[in-house]
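These are my notebook entries on what I looked up in one structure, written down topic by topic. I begin with the rings, then turn to the metal ions, and end with the empty space inside.

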Amino acid sequence: MVYLKTDEEIELLRASNDLVGQTLGELAKVIKPGITTKKLDCIAEEFIRDHGAFPTFKGYPNPNGTPFPASICTSVNEQVVHGIPGDVVLKDGDIVSVDCGTMLNGFCGDSAYTFCVGEVSEEVRKLLRVTKESLYLGIENAVPGKRLGDIGYAVQTHCEKNSYGVVREFVGHGIGREMHEEPMVPNYGRRGTGVLLKNGMCIAIEPMITLRSRQLVMEDDGWTVRTKDHMCAAHFEHTIAIRKSSADILSTFRYVEDVLGDNAI
Ligand code: MG
Ligand code: MG
């Protein structure tokens with residue numbers, strides 16, 4: 001069942017997603033060599049709760065029922081998604097994908113950004129740049145009359161043109177009162193296929209892109225997903241609403257980009 005949202009519900013989603021954007025902005029201030037991913041988690045959780053919201057990821061069960069133990073996902077270098085914050089110290093040249101979710105006034109926010117830690121190689125910076133570009137190309141196709149396959153096709157062709165891997169096992173999703181609603185939003189697809197897009201549909205588009213092979217391995221913790229070849233992966237995510245003539249981006253990278261300035265990807 002795909003729930004179409006009213007204008008009022010879309011504004012509630014915008015508020016929750018704006019808080020996610022602000023949280024990512026707070027993290028952008030402190031992501032530097034020497035900080036642990038656990039510290040990032042503490043800062044994010046406190047910021048979210050101080051703003052009257054709840055970190056949706058905390059306690060969220062995986063298919064085996066294992067609850068996610070933290071408030072954000074921090075996926076470093078070869079980790080693609082769902083990395084668990086811990087004692088790992090970020091070092092110069094690393095990248096860290098931060099995925100953040102909030103529940104505010106009954107509605108969910110969900111957005112992700114891959115950050116550079118210190119000086120990152122041009123090869124990896126390009127991976128981040130292309131992944132972020134592919135997210136916006138997907139969003140351009142999120143208009144009434146197009147289909148889900150058009151979004152996936154736009155993301156996939158841009159990334160594969162650059163010889164990157166497009167993850168198949170994890171996908172974007174509908175979002176509203178629940179973090180994960182129908183439909184599933186793959187980052188691959190064929191033009192003109194899949195669910196018809198309609199005014200009021202709210203979805204999270206989230207390309208997960210690998211530098212080389214798209215083959216994945218699940219770590220023993222039951223959450224962390226990494227590349228099989230240990231090469232880097234990037235993850236950018238926006239929550240959007242499909243409106244009558246264009247996509248309305250409800251989450252925002254503005255706070256991150258204000259902090260990073262010319263260093264933003
Ligand atoms: Mg997310
Ligand atoms: Mg998501």
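**Entry 1: aromatic rings**

I started with a cluster in which ring pairs link Tyr113, Phe115, Tyr136, Phe236 and Phe253. I note at once that the model is a predicted one. How many aromatic pairs does the structure hold? I found six of them. I looked at the pair of Tyr113 and Phe115, whose ring centres are 4.9 Å apart and whose planes meet at 45°, so I wrote it down as tilted. The limits I needed for this are that planes under 30 degrees apart count as stacked and those over 60 as edge-to-face, with the rest called tilted. Both Tyr113 and Phe115 are buried.

Next I looked up Tyr113 with Phe253, a pair that is edge-to-face, with 5.0 Å from centre to centre and 80° between the planes. This pair links distant parts of the chain, since Tyr113 belongs to strand S5 (residues 107–116), whereas Phe253 is in the loop between strand S15 (247–249) and helix H5 (254–260), 140 residues apart. Are these two residues buried or exposed? Because buried means under 20% relative accessible area, Tyr113 at 1% counts as buried, and Phe253 at 2% is buried as well.

**Entry 2: charges over rings**

I then looked for charged side chains placed over rings. Arg168 lies over the face of Tyr188, at 4.9 Å from the ring centre. In the case of Arg254, the charged end sits over the ring of Tyr255, 4.6 Å from the centre of that ring.

**Entry 3: the magnesium ions**

Which residues coordinate the magnesium ion (ligand 1)? I listed Asp99, entered twice through OD, together with Asp110 (OD) and Glu237 (OE), at 2.0 to 2.5 Å. Along the chain, the donors of this ion, ligand 1, follow the spacing D-x10-D-x126-E. Asp99 lies in strand S4 (residues 95–104) and Asp110 in strand S5, so the pair ties together parts that are eleven residues apart in sequence. I checked their accessibility too: Asp99 counts as buried at 7%, and Asp110 is buried with a relative accessible area of 2%.

For the magnesium ion (ligand 2) I wrote down Asp110 (OD), His173 (NE2), Glu206 (OE) and Glu237 (OE), at 2.1 to 2.2 Å. The donors of ligand 2 are spaced as D-x62-H-x32-E-x30-E along the chain. Here Asp110 in strand S5 and Glu206 in the loop between S9 and strand S10 (208–210) are 96 residues apart in sequence, so the pair ties those parts together. Glu206, at 7% relative accessibility, counts as buried. How far apart are the two ions, ligand 1 and ligand 2? They are 3.1 Å apart, and Asp110 coordinates both.

**Entry 4: the cavity**

Last, I looked for enclosed space, and the count came to one cavity of 30 Å³ or more. About 30 Å³ of space lies in this largest cavity. Its lining is made up of Val2, Tyr3, Lys5, Gly174, Ile175, Glu181, Glu182, Pro183, Met201, Cys202 and Ile203. The elements that give two or more residues to this lining are strand S8 (181–185) and strand S9 (202–205), and S8 gives the most, with three residues. By class, I noted seven nonpolar residues, one polar and three charged in the lining.

Key: Residues are numbered from 1 along each chain as its sequence is written. Chains are lettered from A and ligands numbered from 1 in the order in which they are written. This is a predicted model: local features need pLDDT of at least 70, side-chain atom pairs count only at pLDDT 80 or more; totals for chains, interfaces and linings use all residues. Side-chain values use heavy atoms; hydrogens and water are left out. On a 1 Å grid over the protein atoms alone, a cavity is a set of points where a 1.4 Å probe fits but cannot get out, and a pocket is an open set with protein on both sides within 12 Å along at least five of seven lines; lining residues have an atom within 4 Å of a point. Grid points are joined across faces, edges and corners, and a volume is the space filled by probe spheres set on the points. Helices (H or I, at least four residues) and strands (E, at least two) are DSSP runs, numbered from the N terminus. Ala, Val, Leu, Ile, Met, Phe, Trp, Tyr, Cys and Pro count as nonpolar, Asp, Glu, Lys and Arg as charged, and the others, Gly among them, as polar. Rings of Phe, Tyr and Trp (its six-membered ring) pair if their centres lie within 6.5 Å; planes under 30 degrees apart count as stacked, over 60 as edge-to-face and the rest as tilted. Buried means under 20% relative accessible area, exposed over 50%, partly exposed in between (1.4 Å probe, protein chains only). A charge sits over a ring if NZ of Lys or CZ of Arg is within 6 Å of the ring centre and within 35 degrees of the ring normal. Donors are N, O and S atoms within 2.8 Å of the metal (3.2 Å for Na, K and Ca); water is not among the atoms, so sites may look incomplete.
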